[in-house]
Amino acid sequence: MDITNFFPIVVFDNQCYLCIKFAKIVNYFGRGKFTMIGHYTPQGEEIRKKLDDSALEMFWLIDKKTAYGGRAGLIPLIKIIFSRRKKQTDNFQIDDFCNQECKTVKAVFVRSTSLLTNSKIIKI
């Protein structure tokens, strides 16, 4: 799959309840400006091969030149949301399949902390 026509891309953990909620919020506020891809989809596995070993530890925002992971992706994500970029896609469907204990208070705290502590920038 050639992903060059689908930038910006948000890659998220599609097997985690909280990450799915985060992706839905990003998609809602982005109004279709992002291509949403789950880590465990065939496209997500392709993208993970191009990133490093920490790819599953955080969400990723990928544009044409750079992949921003975790905390490093928050500012570019907000900039794209408020930009005048044209709508790219209107079909965002994900399965609410969670095989982890993501709905507990502890899980919310751990995932939120992980979002703020993990950060990585990779030039493409």
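Helices here are DSSP runs of H or I covering at least four residues, numbered from the N terminus. With that in hand, welcome to this predicted model.

**A patch on the surface**

Helix H1 spans residues 17-30, and Ile-25 lies in it. Together with Tyr-28 and Phe-29, Ile-25 makes a nonpolar surface patch of about 360 Å². Ile-25 counts as partly exposed because its relative accessibility is 48%, and partly exposed residues fall between the 20% and 50% limits.

**Inside the protein**

In soluble globular proteins, nonpolar side chains tend to be buried together. Here, the largest nonpolar core has 14 residues, and those touching the most other members are Val-10, Phe-12, Val-26, Phe-34, Met-36, Leu-61 and Leu-77. Strand E1 (9-12), H1 and helix H3 (74-82) each supply at least two residues of this core. Another core, of 12 residues, lies apart from it, and includes Leu-51, Met-58, Ile-62 and Ile-122.

**Two cysteines**

How many disulfides does a search of the whole structure find? The search finds 0. Cys-16 is in no disulfide, and its nearest cysteine sulfur is that of Cys-19, 3.4 Å away. Cys-19, likewise, is in no disulfide, with the sulfur of Cys-16 as its nearest. The pair does not count because a disulfide needs the two sulfur atoms within 2.5 Å, while these are 3.4 Å apart.

Are these cysteines buried or exposed? Both are buried, as the table shows.

| Residue | Relative accessible area | Status |
|---|---|---|
| Cys-16 | 0% | buried |
| Cys-19 | 15% | buried |

Methods. Residues are numbered from 1 along each chain as its sequence is written. This is a predicted model: local features need pLDDT of at least 70, side-chain atom pairs count only at pLDDT 80 or more; totals for chains, interfaces and linings use all residues. Side-chain values use heavy atoms; hydrogens and water are left out. Patches are made of residues with over 30% relative accessible area and no salt bridge: like charges are joined within 9 Å, nonpolar side chains (Val, Leu, Ile, Met, Phe, Trp, Tyr) within 5 Å. Accessible areas come from the Shrake-Rupley method with a 1.4 Å probe; for residues, only the protein chains shown count as cover. A salt bridge is a side-chain nitrogen of Lys or Arg within 4 Å of a carboxyl oxygen of Asp or Glu. Buried means under 20% relative accessible area, exposed over 50%, partly exposed in between (1.4 Å probe, protein chains only). A nonpolar core is a set of buried Ala, Val, Leu, Ile, Met, Phe, Trp, Tyr and Cys residues joined through side-chain atoms within 4.5 Å.
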